[in-house]
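Here are some notes to read with the structure open beside you. Could you check each point against the coordinates as you go?

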Amino acid sequence: MATIVNSVAHPTVVSADPFVPAREQKNLHNRWHPDIPAIATVKPGQVFNVECVDWTGAQIGNNDTSDDIRDVDLTSVHNLSGPIAVEGAEPGDCLVVDILDVRPFDKMPWGYTGIFELENGGGLFAREFQSRAAKAIWDFKGVYASSRHIPGVRFAGVSHPGLIGTAPSTELLATWNKREGALIEAHANAVPPVAYGPLVPGAYVGQDLPDDLRAKIYREGARTIPGREHGGNCDIKNLSRGSRCYFPVFVKGANLSVGDLHFSQGDSELSFCGAIEMAGIVTFSTSIIKGGVEKFAMKQPIFLPSPVDPLYSAKLIFQGISVDYHGDGTQYNMDATVAYKQAALNAIAYLMKIGYTREQAYLLLSAAPVESHIGAIVDSPNACVTLALPLGIFEHDILPKDEGLKKLEFGQCAVRSDGVL
């Protein structure tokens, strides 16, 4: 007979509400800084839950217009839950983080994928497409996602935190701000910007802090947009339940933070807000390897991906090389980014032959479990990159035929209320 004796629920150490704006919640922050105090402390080996808002902090709605994507305030993202201190962690240690589960809130069984404006976020093809806001809403049914804005597809999600990392030391924060500041200065007129430096407007730490400390954090705090030495916004789609992360520790307690949860994502998250963004709950356990930074020659985190992966064995693979043949035909020398762009543009052009709009195809490649690989990076002048599109996500046959591809009608994703694309 089952009893409640020795049956203790795992505690939720950080609570969040997905329907309340992030700036009204206590347990969140959106800058990296060593002086942000831990809001909770856990013991090594303890299993605990962390609740997270979506990365925009409830700015995006479940509707059929992309005006909210167009108008999103990017100065106030990402909204992270934490920091969470781990007892016994010291600088130079390795913090081992086991991701035991990642799931959406029961009360919010939907997410979204967005294409951001050229002047407000951009994305991989921001300049090529002169990007204007568009989005797809995805409904969750168990492990599966489908969208009224991209009909004809349904796939199993590999849910994961897009952003997870430890707090930087004072020295490391200064290094980030110096090197990224130099890059910004060298490309001052870039659209979209090449990087985002510290910015007081939009900065947020939900805890009660002395005014001088809050001002210091807001003035110096690093933006959460890129991944760095501590982890951060790496968007690795296979860091789903069952994954293990090895993070270098830079401050006492490590001060782990997490957010930007994804129900699913293709390799590279190419449309900027390219995953299926969601709010939800992550279950963790941690341990510490003393002196791990030296033992493992750690300059950045090390990851052991999840053994849980949807089985999509049949894939249609698109190749790209470092020649801009979708643009002006320029030959580049071993440029894997150019090669990846060509592979993705080839896939988008193919999906448009089937009947998807360019915006739908762009969103789908960002959100679905697409795999990308570098095939060759030693054969000058052309790097070779591949993009693999799983056939099993489609409800119709997309394979090449002698008679060509059958073009179907899939409508359009959510666009701006003024109709601008």
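1. Let's begin with P192, which sits in the loop between α3 (170–186) and α4 (211–220). Do bear in mind that this is a predicted model. The peptide bond leading into this proline, from V191 to P192, is cis, with omega near -5°. P192 also turns up in the largest pocket, as one of the lining residues that lie nearest its centre.

2. There is another cis bond to look at, from G82 to P83, and here omega is near 0°. This proline belongs to a strand: P83 is part of β5 (residues 80–86).

3. On to the largest pocket itself, with a volume of about 1000 Å³. How many residues line it? The count is 43, and those nearest the centre are G123, L124, P192, L270 and F272. By type, the lining splits into 22 nonpolar, 10 polar and 11 charged residues.

4. Which element gives the most to that lining? It's α6, with 9 residues. Four elements supply at least two lining residues each: α2 (126–129), β15 (256–262), β16 (272–277) and α6 (336–354).

5. F272 deserves a point of its own. This residue is in strand β16 and is among the residues nearest the centre of the largest pocket. Its backbone is worth a look too: phi is near 80°, a positive value in a residue that is not a glycine. Is F272 buried or partly exposed? It counts as partly exposed, because its relative accessibility is 24% and buried would need a value under 20%.

6. D235 is another non-glycine residue with a positive phi, in this case about 50°. You'll find D235 in the loop between β13 (231–232) and β14 (243–248). With 16% relative accessibility, D235 falls under the 20% cut-off and therefore counts as buried.

7. Now for the second largest pocket, which has a volume of about 300 Å³. Its lining is made of 16 residues, and V102, V143, G157, S159 and R241 are the closest to the centre. Strand β6 (residues 94–104) provides the largest share of this lining, with 4 residues. By type, the lining residues are 8 nonpolar, 4 polar and 4 charged.

8. Helix α7 (residues 358–367) is a nice one to inspect. Why call it largely enclosed by the rest of the structure? Because 9 of its 10 residues are buried. The buried ones are E359, Q360, A361, Y362, L363, L364, L365, S366 and A367, so each of these has under 20% relative accessible area.

9. Last, a look at the surface. I374, I377 and V378 form a nonpolar patch there, and together they have about 300 Å² of accessible area. I377 is placed in the loop between β20 (371–376) and β21 (384–390). At 44% relative accessibility, I377 counts as partly exposed, because exposed would take a value over 50%. A patch residue, on the other hand, needs over 30%, so the 44% of I377 is enough on that score.

Conventions
Residues are numbered from 1 along each chain as its sequence is written. This is a predicted model: local features need pLDDT of at least 70, side-chain atom pairs count only at pLDDT 80 or more; totals for chains, interfaces and linings use all residues. Side-chain values use heavy atoms; hydrogens and water are left out. Patches are made of residues with over 30% relative accessible area and no salt bridge: like charges are joined within 9 Å, nonpolar side chains (Val, Leu, Ile, Met, Phe, Trp, Tyr) within 5 Å. Accessible areas come from the Shrake-Rupley method with a 1.4 Å probe; for residues, only the protein chains shown count as cover. A salt bridge is a side-chain nitrogen of Lys or Arg within 4 Å of a carboxyl oxygen of Asp or Glu. Buried means under 20% relative accessible area, exposed over 50%, partly exposed in between (1.4 Å probe, protein chains only). On a 1 Å grid over the protein atoms alone, a cavity is a set of points where a 1.4 Å probe fits but cannot get out, and a pocket is an open set with protein on both sides within 12 Å along at least five of seven lines; lining residues have an atom within 4 Å of a point. Grid points are joined across faces, edges and corners, and a volume is the space filled by probe spheres set on the points. Ala, Val, Leu, Ile, Met, Phe, Trp, Tyr, Cys and Pro count as nonpolar, Asp, Glu, Lys and Arg as charged, and the others, Gly among them, as polar.
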